[in-house]
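Trainee: Could you take me through a close look at a single part of this structure? I would like to see how two neighbouring pieces meet, and then how that part fits with the rest.

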There are 2 protein chains.
Amino acid sequence: MPLGDNLGDKSDSRYCGVETEFNDDMPHVLSYNINGGFDFVVAPLMEPGYRPSMVNSANRESSVLPFAGSDLVLSPAQWSSHVVGKISSWIDLDSDDDVLREDSEIALKQELAWASHLSLQACLLPTPKGKSCANYARCVNQILENLNNMQLWLRIPLVKSDDNDDDSVNGTSDGMVVEATDSWELWNSFRELCEHHSQLSVALDVLSSLPSVNSLGRWFGEPVKAAIVHTDSFLTNARGYPCLSKRHQKLLSGFFYYSIQIVLSGKAVHNLPVGSSASASGQTDNYTQQAQRHEIRSYLDYVGYLYQKMEPLPEQERFEARFSTRPLLNCFYKCQIFFFYSCINVDLSVIMQLGYRDFLQSPLQPLMDNLEAQTYETFEKDSVKYIQYQRAVSKALVDRVPDENASTTTVVLMVVGAGRGPLVRASLQAAEETGRKLKVYAVEKNPNAVVTLHSLVKLEGWENMVTIISCDMRCWEAPEKADILVSELLGSFGDNELSPECLDGAQRFLKPDGISIPSSYTSFIQPVTTSKLYNDVKLHKDLLHFETAYVVKLHRLAKLSPSQAVFTFTHPNYSPDKSNQRYKKLRFEIPIETGSFIVHGFAGYFDAVLYKDVHLGIEPTTATPNMFSWFPIFFPLRSPMYVKAGSPLDFHIWRCCGSTKVWYEWCVTSPTASPIHNCNGRSYWVGL
Amino acid sequence: MPLGDNLGDKSDSRYCGVETEFNDDMPHVLSYNINGGFDFVVAPLMEPGYRPSMVNSANRESSVLPFAGSDLVLSPAQWSSHVVGKISSWIDLDSDDDVLREDSEIALKQELAWASHLSLQACLLPTPKGKSCANYARCVNQILENLNNMQLWLRIPLVKSDDNDDDSVNGTSDGMVVEATDSWELWNSFRELCEHHSQLSVALDVLSSLPSVNSLGRWFGEPVKAAIVHTDSFLTNARGYPCLSKRHQKLLSGFFYYSIQIVLSGKAVHNLPVGSSASASGQTDNYTQQAQRHEIRSYLDYVGYLYQKMEPLPEQERFEARFSTRPLLNCFYKCQIFFFYSCINVDLSVIMQLGYRDFLQSPLQPLMDNLEAQTYETFEKDSVKYIQYQRAVSKALVDRVPDENASTTTVVLMVVGAGRGPLVRASLQAAEETGRKLKVYAVEKNPNAVVTLHSLVKLEGWENMVTIISCDMRCWEAPEKADILVSELLGSFGDNELSPECLDGAQRFLKPDGISIPSSYTSFIQPVTTSKLYNDVKLHKDLLHFETAYVVKLHRLAKLSPSQAVFTFTHPNYSPDKSNQRYKKLRFEIPIETGSFIVHGFAGYFDAVLYKDVHLGIEPTTATPNMFSWFPIFFPLRSPMYVKAGSPLDFHIWRCCGSTKVWYEWCVTSPTASPIHNCNGRSYWVGL
């Protein structure tokens with residue numbers, strides 16, 4: 001029974017599992033736990049006492065498996081929906097004991113073959129026993145190469161010794177580096193050895209003490225599929241019921257938010273009066289009457305209670321679930337992506353259900369392509385954005401024309417890139433609001449949008465105020481100069497849709513003291529861990545996709561450091577030797593208590609000053625609320641970069657301009673140098 | 001005039017260059033220096049006072065180049081054979097001064113375009129000015145993407161502060177790592193940023209003081225094309241002439257050996273009596289009469305003297321230059337390689353001239369393929385090897401049959417894999433030498449070799465002693481059991497041509513107390529820097545070639561650590577649960593004074609015990625002298641691994657056995673984890 005139906009969120013974290021002991025009566029295991037309120041069991045598939053070396057070596061690999069039950073005891077649907085296989089925990093592939101190591105390899109292969117035969121969705125792999133895990137990883141890597149769709153969850157305890165952080169970078173006298181205990185390092189080695197395989201993921205063992213918040217954050221960028229919460233990490237509330245510490249509660253909220261399933265483990269350690277748990281969590285309990293009450297039901301009830309008190313999805317995300325949003329796929333690319341996802345058996349409905357979360361899209365080519373009606377439709381729905389524009393135009397009009405001249409002076413305002421008219425409307429509303437007289441030129445290069453624009457002007461009776469110009473702003477010869485130039489040419493990274501080049505072209509018909517709205521914009525960037533996006537890019541198996549910046553609604557990621565400003569453009573720009581080429585070097589200092597981490601790429605944003613204090617943007621700490629026109633941009637790294645705790649991360653980015661295109665190049669130089677990405681714009685560029 | 005003709009060595013290091021000042025009379029520059037004894041000049045192409053920002057910005061990029069001479073002043077052949085372009089040294093692409101940075105970019109592009117127009121073979125790029133070189137690298141990387149065949153030599157001073165080695169790994173209190181000054185780090189960042197581009201190489205500035213020998217060694221694995229030796233790093237000998245310190249002499253010998261050209265730089269700092277230099281170096285000097293004596297001729301003479309006293313090529317290498325050697329390309333692969341090299345415009349005669357140095361070859365598939373006559377021919381020429389076998393058989397015969405039984409006991413000896421008979425001959429000679437009676441079975445699976453074997457037996461009159469069996473040793477049913485089993489099934493890495501599997505199959509016809517020759521063999525491995533091989537593997541642009549082990553006559557490489565033993569096989573092997581699977585974890589501790597380095601892969605060798613103290617092998621420190629049957633094996637890494645000074649390097653290798661093939665998997669786990677290479681033998685395997 002799912003934990004709850006949290007306001008339309010269909011994510012996996014509604015389901016809660018339970019870890020069980022070996023029992024050869026699997027139907028009983030399942031019915032007891034499902035009736036007890038759990039959605040699935042994490043159950044051993046093999047008799048725990050079995051060792052391959054007990055079997056005669058001659059028929060060791062060919063023999064039947066007497067140590068497992070028949071596949072017939074459950075239906076295929078039951079196996080795949082309700083059972084996660086738990087691989088024998090005695091397995092130790094990096095033992096110094098040759099017999100144990102060889103037994104472990106045989107057993108691991110047998111158990112996973114059996115689980116695969118049962119079409120289980122996932123198996124839980126035991127935690128590597130020591131610091132070294134190369135042989136374990138080699139064996140798992142071999143299995144992954146030929147595995148069906150089954151996921152392998154590597155069990156990793158959530159531990160990091162914060163006491164001796166300094167040791168992680170200090171050398172000893174002989175130059176050897178002493179490593180602090182951080183289970184993330186173990187995971188990182190294992191998955192590097194397995195080449196970041198997309199079917200290798202993590203099940204975190206949550207214990208009673210937790211590492212620092214910073215270091216916990218790293219895991220949200222990792223492919224964590226489950227969190228195993230032990231009954232002995234629960235506290236006891238005033239009425240004797242299990243509950244969790246504030247920090248554990250917050251962690252579980254994070255798991256829920258990131259669709260990480262909870263698995264409860266262990267025996268009941270709280271003594272409760274029979275049949276009284278319902279009141280503890282404020283829920284009714286239909287199961288207590290019909291079936292034997294589950295031993296750890298009260299823990300499950302508490303987890304359900306936490307799930308249900310989670311904050312619902314914000315307004316904006318619910319909107320996105322219904323509407324397609326700004327950085328829409330252009331038709332060609334959309335087909336490509338859909339074809340691509342259908343090739344790799346991803347259910348498209350899943351993509352649509354989850355909205356655009358972590359879904360990579362190629363940025364617009366606004367100068368080369370014309371937008372489609374659907375795209376205009378979406379943009380125009382973003383009322384917050386146009387309210388900001390209207391505020392900016394109002395302020396500019398008031399500054400431009402004193403009250404006493406309001407009735408005599410007509411302000412010339414040009415909307416460059418008028419589309420189907422939303423900025424025209426916002427400008428006219430600003431004029432009305434401030435009582436200023438306005439003459440509007442609406443310049444638009446897309447002839448299809450111009451059709452709609454004409455009909456809008458007629459419909460609204462704007463004929464006397466609005467002149468429609470069907471022309472590219474870069475080559476239009478204006479009949480007069482403008483007081484105010486209004487545009488919405490910004491991309492997710494500010495200048496990435498060539499706003500600088502367009503406005504440089506358009507400013508020749510601005511009066512010398514004229515105003516550009518926006519008057520400036522700045523891009524921002526921050527390093528992120530995002531195993532999900534890395535693997536999506538890697539699926540393409542080419543260089544091009546690793547050197548492309550994507551528009552993506554970032555969700556499953558860890559932001560490792562606050563964002564920093566990158567490039568700023570100001571309009572109008574009358575400097576004599578102006579250039580829109582830029583180069584920025586940024587140093588990110590990540591707190592040492594975060595521990596080591598891996599960087600898959602950089603998330604980019606923008607913030608624009610429309611006019612004076614009216615701004616618009618998506619930089620997370622200053623983002624305009626409830627605006628959905630822009631998703632962040634993501635600059636991937638070709639190879640994920642490992643950053644040792646305390647090492648600075650140096651990032652370089654260039655905005656390069658050629659005669660026919662503009663592109664970015666980027667690289668990392670510390671802790672080690674990456675290749676320079678997208679040399680000469682070979683993989684990704686925006687056409688002029 | 002080349003420095004000398006050192007015993008058939010045709011390498012580039014015969015040629016010596018000189019760095020010159022800017023002079024717009026290039027014909028004069030050339031004639032003065034060529035007549036002065038140099039082979040080429042490293043000369044600035046542009047007026048050093050020129051700055052692009054002096055030119056009007058509007059026609060900055062389109063303007064002609066008034067600051068360089070005409071291309072007509074020299075013939076195309078003169079430009080390309082005798083001039084290396086020296087890029088203006090004022091260039092500083094990572095300056096904080098925007099104007100200087102932009103000027104630098106324009107100038108660099110202009111100068112390299114000009115040099116490229118002149119078809120120069122190489123240009124010398126100035127040393128990066130600071131520790132940061134990302135913008136410089138970005139610009140060079142852009143140029144490299146569209147460059148003709150010209151090489152870019154990045155000028156790097158040969159410096160490393162050994163005083164404070166500990167700093168390079170010690171952290172400060174805030175966890176930031178303090179870096180020691182090591183110019184190799186600068187080079188490493190630069191080339192990582194440029195993706196190890198094959199046209200980007202190094203010109204080392206040799207100064208009067210030199211870093212430690214260990215740290216110098218790293219450079220021999222890097223693409224160093226030239227060493228610029230400054231006149232002020234010369235000492236003065238007893239007669240007032242320039243000479244070099246012992247350490248400098250040794251370094252220059254290294255340069256000569258690795259085909260690194262010397263370039264002399266600077267003014268004469270020794271006052272010499274006119275016309276007396278010839279006696280100093282013991283050379284005659286034809287030029288002093290005809291032309292003005294070159295200002296630094298005495299330095300050149302000294303370098304020539306060092307060149308000529310270099311040790312000649314060892315016997316073995318001269319043999320290899322005449323004969324094709326053991327790890328011969330099988331026909332299919334040979335065609336592939338030749339096609340491949342011809343595609344990339346490598347002159348095949350160059351490959352043949354230099355013998356097999358650094359030429360990647362795929363190992364034999366001895367069980368799947370039959371060798372060709374030419375291959376047998378080559379193997380049989382390796383007399384050293386058969387002398388060792390004869391010694392081993394002699395010792396075994398004497399141990400087996402006491403003198404008193406020599407005339408009555410007949411020893412049964414089986415040669416498994418007899419080929420065209422060299423081991424049969426060695427065994428019979430051993431019998432004759434020791435006066436033992438021998439009955440030989442010569443087992444050979446290749447029917448073509450059997451033909452020759454029959455004729456040999458007839459020719460030598462061995463009919464009574466030798467029985468020829470045309471059969472795979474793995475399935476032969478022997479009519480009697482053997483006292484001694486002799487085989488030569490070893491590959492470069494010992495077991496890599498499946499000697500273990502073959503001998504396991506053959507030992508069933510060995511008497512319980514019988515002897516196997518070889519009785520055991522062990523593989524060895526060591527980490528190496530070898531930019532050359534890395535780039536050759538990378539040219540294939542696929543995963544397969546990065547997961548293949550190659551047989552290669554290693555030359556241009558740096559061995560970073562002594563080799564360590566990997567796998568040992570002993571024959572006969574009667575252990576009940578025997579397996580030829582192996583797993584070895586090795587830790588290489590590289591002396592901290594080496595500094596940081598990059599590992600491109602691992603060089604492998606073997607050593608075999610034929611019988612008791614008679615061994616045979618290619619492990620460098622114990623190698624059998626003058627044996628040429630085996631080149632080392634090379635296991636590449638998919639991504640070169642940077643190893644910080646003092647960090648240990650952990651390497652893991654597995655020998656995996658399937659039902660139809662045997663393969664290796666390998667990986668690095670420290671300093672960071674690499675992917676596991678060749679999972680399931682997907683790229684490289686040896687067929688059973």
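Mentor: Let's start where two helices of chain A touch, keeping in mind that this is a predicted model. From H15(A), the residues Tyr386(A), Tyr389(A), Gln390(A), Val393(A), Ser394(A), Leu397(A) and Val398(A) take part in the contact. On the other side, H16(A) brings Pro422(A), Leu423(A), Ala426(A), Ser427(A), Gln429(A), Ala430(A), Ala431(A), Glu433(A) and Thr434(A) to meet them. Sorted by character, the residues of this contact of H15(A) with H16(A) come to 10 nonpolar, 5 polar and 1 charged.

Now for the geometry. H15 covers residues 383-400 of chain A and H16 covers residues 422-434, and their axes lie 8 Å apart at an angle of about 45 degrees. Because of that angle, H15(A) counts as oblique to H16(A). The crossing in which H15(A) passes H16(A) is right-handed.

Let's step back to the chain that holds these helices. Chain A has 20 helices and 26 strands. Of its 688 residues, 59% are buried. If you take the contacts in chain A between residues at least 6 apart in sequence, 79% of them join residues at least 24 apart.

Aromatic rings give us another kind of contact to look at. A pair of such rings is described by how far apart the centres are and by the angle of the planes. Over all chains, the whole structure has 42 aromatic pairs. One of them joins Trp476(A) and Phe509(A): the ring centres are 5.0 Å apart and the planes stand at 70 degrees, so this pair is edge-to-face. Trp476(A) sits in the loop between strand S13 (466-470) and strand S14 (482-487) of chain A, while Phe509(A) sits in the loop between helix H18 (499-506) and strand S15 (510-517), so the pair ties together parts 33 residues apart in sequence. Trp476(A) and Phe509(A) are both buried.

You can find a corresponding example in chain B. Trp476(B) and Phe509(B) have ring centres 4.9 Å apart and planes at 70 degrees, so they too form an edge-to-face pair. Trp476(B) has 6% relative accessibility and therefore counts as buried, and Phe509(B) is buried with a relative accessible area of 3%.

Finally, back in chain A, ring pairs can also link up into a group: Phe220(A), Phe255(A), Tyr257(A) and Tyr258(A) are joined into a cluster in this way.

Key. Residues are numbered from 1 along each chain as its sequence is written. Chains are lettered from A and ligands numbered from 1 in the order in which they are written. This is a predicted model: local features need pLDDT of at least 70, side-chain atom pairs count only at pLDDT 80 or more; totals for chains, interfaces and linings use all residues. Side-chain values use heavy atoms; hydrogens and water are left out. Axes are lines fitted to C-alpha atoms, for helices over the stretch in contact, and angles run from 0 to 180 degrees between N-to-C directions. Helices (H or I, at least four residues) and strands (E, at least two) are DSSP runs, numbered from the N terminus. Angles under 35 degrees count as roughly parallel, over 145 as roughly antiparallel, 65 to 115 as roughly perpendicular and the rest as oblique. A crossing is left-handed if the near helix is turned anticlockwise from the far one by less than a right angle, and right-handed if clockwise. Contact means heavy atoms within 4.5 Å. Ala, Val, Leu, Ile, Met, Phe, Trp, Tyr, Cys and Pro count as nonpolar, Asp, Glu, Lys and Arg as charged, and the others, Gly among them, as polar. Rings of Phe, Tyr and Trp (its six-membered ring) pair if their centres lie within 6.5 Å; planes under 30 degrees apart count as stacked, over 60 as edge-to-face and the rest as tilted. Buried means under 20% relative accessible area, exposed over 50%, partly exposed in between (1.4 Å probe, protein chains only).
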